[in-house]
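Dear colleague,

I am passing on the structure we spoke about, with the sequence alongside. Please open it before reading further, since my notes follow below.

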Amino acid sequence: AVRLTGTKYGCGGGGCGACTVMVSRYDPQTKNINHWSVNACLLPVCQLHGAAVTTVEGIGSTKTKLHPVQERIAKAHGSQCGFCTPGMVMSMYTLLRNNPQPTMEDVTEGLAGNLCRCTGYRPIVDGYRTFCEVNSSRPEVKDQTTQRFCGERMTWISPGSLNELLHHCDIYPIGIFHPVIISPTQVPELFKVTQKPEGVCVGAGCSMSFLKSVLERSINDFPPESTHMFRALLQQIKLVGGQQIRNVATLGGNIASAYPNSDLTPILAAGRCTLVALSKDGRRRVPIDKDFFLGFAKTVLKPDEIVLSVFIPASRPNEIVHAFRHAPRKESALATVNAGMRVWFNENSNVVKEISIYYGGVGATILSADRACQQIVGRPWEEATLSDVYSTLVDEIKLGPSAPGGKVDFRRSLTLSLFFKFNLLDVTQVDIPQKMQSAIQPLPKHIQPGYQEFQNVLEGQSAQDPVGRPMMHRTALSQATGEAVYCDDLPQTDGELFLVIVTSSRPHAKITEALKLPGVVDVITAKDIPGKRFRTFTGYDEELLAEDEVTCVGQMVCAVVADSKAHAKRGAAAVKISYEDLQDRIFTVEEAIEKESFFLPRRQIERGDVEKGLREIRIGGQEHFYLETQSFLVIPIGEEKEMKVYLSTQHPAFTQEAVAETLGIPSNRVSCHVKRLGGAFGGKVTKTAILASITAVAASKTGRPVRCVLERGEDMLITGGRHPVWGIYKVGFMKDGRITAADFQYYANAGNVVDESVLVAEKILLHLDNAYNIPNLRGRSAACKTNLPSNTAFRGFGVPQCMLVVESMIDDVALKLGRLPEEIREINMYKEVSLTHYKMEFDPENLVRCWNECMKKADFRQRRQGIDLFNQQNQFKKRGIAIVPIKYGIGFAEAFLNQAAALVHIYKDGSVLVSHGGTEMGQGIHTKVQQVASRELNIPTSLIHISETSTQCVPNTCPSAASFGTDANGMAVKDACQILYNRLEPIRKKNPKGTWQNWIITAFLQKISLSATGYYRGHDLDMDWEKQEGKPYAYFTYAVGCSEVELDCLTGEYRTLRTDIVVDIGRSINPSIDIGQIEGAFMQGLGLYTMEELKFSPSGVLYTRGPSQYKIPSFCDVPLKFNVYLLAGSSNPHAIYSSKGIGEPTVFLGSSVFFAIKDAVTAARKDAGLTGPFQLNSPATPERACLACVAQSESTSGPAQPWALNI
């Protein structure tokens, strides 16, 4: 209603931070105003009575004055697509309001709850580093009255006193559904803190952030020997969610929710903590122990009881307390396994008087290792005792193969590793051998300033010419202030409806009946589609809405249209669909191979004769996780069947065609408009067109505007992601490391419909050689048809999967020969003008230069020696280093996709409006096009504007994809500008000292057209699969990446210590944007190869549907030292201004971290007497890395059905 659209809705679960705002309250006791960053998507508005809310619009704007927080993230190039930027800004702004001179640790802690999928985080950190130094209590609530807010289906009650709270809990007991929410934020007793010699009593309503400050104060107030419990609890609190979550999540809520992965309950239970439970019948003190937790989300609390306070005891003399956790991501992630451990020794003795060991994440509730504790009590803390404990823990902690969360063997392994760490953490004050100290030393975490190096502009270039200069993203400031408009920011129109998709809950079934819920405006089914009911991709039809049969969980069946989002969601949930299950379900590539379930054609390419041998590697899929989900607004004009479609897509013309065919109208009745995208990465093309078509059917049928914005879970379920790939390879090689023959077979899990899978399988084969000249080479690829949601294009389009198999082969050859992988890579690299395996000639000179530069810049050989020394001196921490090259083809093999057009208008005041076919999704295409127009028209960029991408302005456009957007559209804009500049030449000659504005008005008066269409035909590329030869790419982009990691062998956790990247991108049009693309792609690759996992149930249901289950890299995953170098002295005659495409190639360089982890694992295996090749699948998660460090025994989890499929 107030049109404050700067705060973005990214996930709805507090996991991405895009919706961060600042909440402020006055504290009458201290007469201060306290500020908290919070997730707007989680905090109920009813809870904000008496508070002030500041959104990104409230701190500065381009119309008034920018706040330094907004300005610095923009000028540091820390905003690409911009969807996450307002949240970043508000997290940092809140930190500065509370702490004007933060440390770097404060900054990274404050931003830990914010995700970015574009930038790679480094420029954000560097921008906000400038705020760092060079080297509160809870309000006392008085005279509160009960507040009551009544909504359509729910009542909110905020009691004004403790008695009122107990009264309402008696009326509405917990555990029974009531349309009532009771919010106790006004009850002062819940926020009281009392410090006693025995410990600290903390009100259950205190937030985690407030509890953190209480513990920090207590650590200073108590004697050091009494603070073990406080320190252990403080360590865990710092890792509970992000700052926004800690600011609102409460101590009592964490305990009462009884979640088995809670980071607090194991340490609270181990540390002898108690709570006070209160009801109208009285109060009781309850120990927080194994008897308190009855099962998943169940405690001994009675339905009418509340948690009033929690007592945290001080540690006694000779008592040691420690907490541990392991999570899929170092910050803002639920623990895989956590633990709280406490031991109390007899005075002046190592004999154990009392011990408590609690684990979280190994059962339906926290688990007390009672039998292990019994083994220790009364015995001295020594090796024999501990050996018995390990054996007992193995027997005591049982997890079945179908245990929720999976990772059964890894979780059991972690219980032993964490106890081993507890043993070493100065429990008995015994000196630990030097080699073993690494087990308890934390991984490095201090982020250092990065270094970026690029070419200077050519000598003699005009100071006004912006090409080649590091120019800020043209809308970065608007993105930082929240003024940038995304699809869902468009104002609501009169009569607008909201659409929610209903998806299949079965993987393969016939639809027998769909019952419509009365009360919604309409339910759209396949029968409502007036035109084509399917889209055709590579010869296969995909239904827009399933009519008779569904082939995966998540297939779109119908859509509910209602007058609000809430009503549409409720209506969709109430739609009942009857299924008749079909038995021939296929989920894995092995099942597809067995049943010969493939999308044709299956491709093959070969040169020379191939020898035999056999290895394999599996690469998991990847979710796009663009911050802005699929978004649409379709407005029927009401005349001649015209439709305006506002959406977030990479390919507006494709959507235009899809909507027109679906509605059975000509394309000239449909106009598609794209202002900007909040990220895409290949995921906003095919399914986007289908979703837009469904939305358009609803708009056409109802005659009213219809909006559709997918929830994060819906988006992840429906739209698919990167293809999981099973790679099998055979390799022949000489003793000196030269590879003579290689044979590759790739199986990609395509899902239930073809989408772009056949094209992905083809591109896999075209990059089979990567950077290596292998004389005898064969590749075969197949897109497997399964009953999972279909996968689609994703940045790199199959190349990241292809090349990981190739580089794994190189690694195995090195391990087999006892040589270093970098030696094998260098021996086999292309070194002179050569032919690829599809007979395309190229010169690898710059590939070799990138390799040599990276070896030099990274100081590789000296660091390799240092790593060897580190590994000799440390038993449980190992370091690894890897350097990998890439040769990436730019352009579309389908030649017609390389064309582009543009429309340039010059207005009488001299301002210029540019329209072109590329869409702005953070890659900076509009900024680069602005630079192109500036150079060609010889005017400043301030006179040039790009409003949107529209099919009304530029028809028949091609997708912004394949790293070719600037190459094609830049040339089209250049053509249009040159046409206009040439038209002005007679006027310039006649008045050479005139201004641009003079020339334009003169041209108008002389009736010279000030509008021009530019066109770029593109390269004539092709690939003849019958002859197995062609020229599918315009040129190659070369790059080399080197990364070093440190690995904790006991837990598999790692940290990337340093990354150096050297890239040949010709002469960069905009170095700051290109470096941003390189860093962002690298971090996306790091996620692909080391942490991001899609999990499906045995019945094909996607488990990972949001940021709480699916972890993308965060600030804590950025290389501690991140350097990027653009190769000097390079040019490229095949693209605009000698530049090169860069959006996709460096995704693969994230594999340098994968292979560095493998190098560290190799060192650990060497210590265990294991040598030679071994299989490490991708992603190299902590689970895989940890288990690979030792010989793999048979799984202890048994033969039953696993929790998740191995796809």
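**A buried leucine and its surroundings**

Leu847 has a relative accessible area of 0% and is therefore buried. Please keep in mind throughout that this is a predicted model. Leu847 belongs to helix α23, which runs over residues 845–857, and once its neighbours within four places in sequence are left aside, Leu847 is in contact with Ala771, Met829, Tyr830, Pro885, Ile886, Tyr1038 and Val1040. One of these partners, Tyr1038, is 191 residues away from Leu847 in sequence, although the two C-alpha atoms are 5.3 Å apart in space.

**The annotated binding site**

The UniProt record, an unreviewed entry, carries the annotation "binding site" for Gln650, Phe681, Arg795 and Ala962. These positions span 313 residues in sequence, and yet no two of their C-alpha atoms are more than 12.3 Å apart, so they gather at one spot.

I looked at two of the annotated residues in more detail, beginning with Phe681. Phe681 sits in the loop between strand β31 (670–674) and helix α18 (686–702), and because its relative accessibility is 13%, under the 20% cut-off, it counts as buried. Apart from neighbours within four places in sequence, the contacts of Phe681 are Arg117, Cys118, His624, Tyr626, Gln650, Ala793, Phe794, Arg795 and Gln1084, and among them Gln650 and Arg795 also carry the "binding site" annotation in the record.

Ala962 is likewise found in a loop, in this case the one between strand β42 (949–950) and helix α26 (965–983). With a relative accessibility of 11%, Ala962 also counts as buried, and its contacts, again leaving aside neighbours within four places in sequence, are Ile890, Gly891, Phe892 and Glu1144.

**The chain as a whole**

The secondary structure of the chain comes to 31 helices and 48 strands. Its radius of gyration is 31 Å, close to the 33 Å that the globule rule gives for 1207 residues, so the chain is as compact as a globular protein of that length. Along the principal axes, the C-alpha trace spans about 95 × 75 × 70 Å.

Of the 1207 residues, 62% count as buried, while the chain exposes about 44,500 Å², of which carbon and sulfur atoms supply 51%. As for charge, the chain has 127 positive and 124 negative side chains, and the centres of these two sets lie 3 Å apart.

With best wishes

Methods
Residues numbered from 1 in each chain as written. Predicted model: local features only at pLDDT ≥ 70, side-chain atom pairs only at ≥ 80, totals over all residues. Heavy atoms only, no water. UniProt positions renumbered as here; feature names shortened; annotations may be inferred. Helix = DSSP H or I, 4+ residues; strand = E, 2+ residues; numbered from the N terminus. Buried < 20%, exposed > 50% of the residue type's maximum accessible area, 1.4 Å probe, protein only. Contact = heavy atoms within 4.5 Å. Rg over C-alpha atoms; globule rule 2.2 N^0.38 Å. Areas by Shrake-Rupley, 256 points an atom, 1.4 Å probe, with all protein chains shown as cover. Lys, Arg positive; Asp, Glu negative; His and termini not counted. Charge placed at Lys NZ, Arg CZ, Asp CG, Glu CD.
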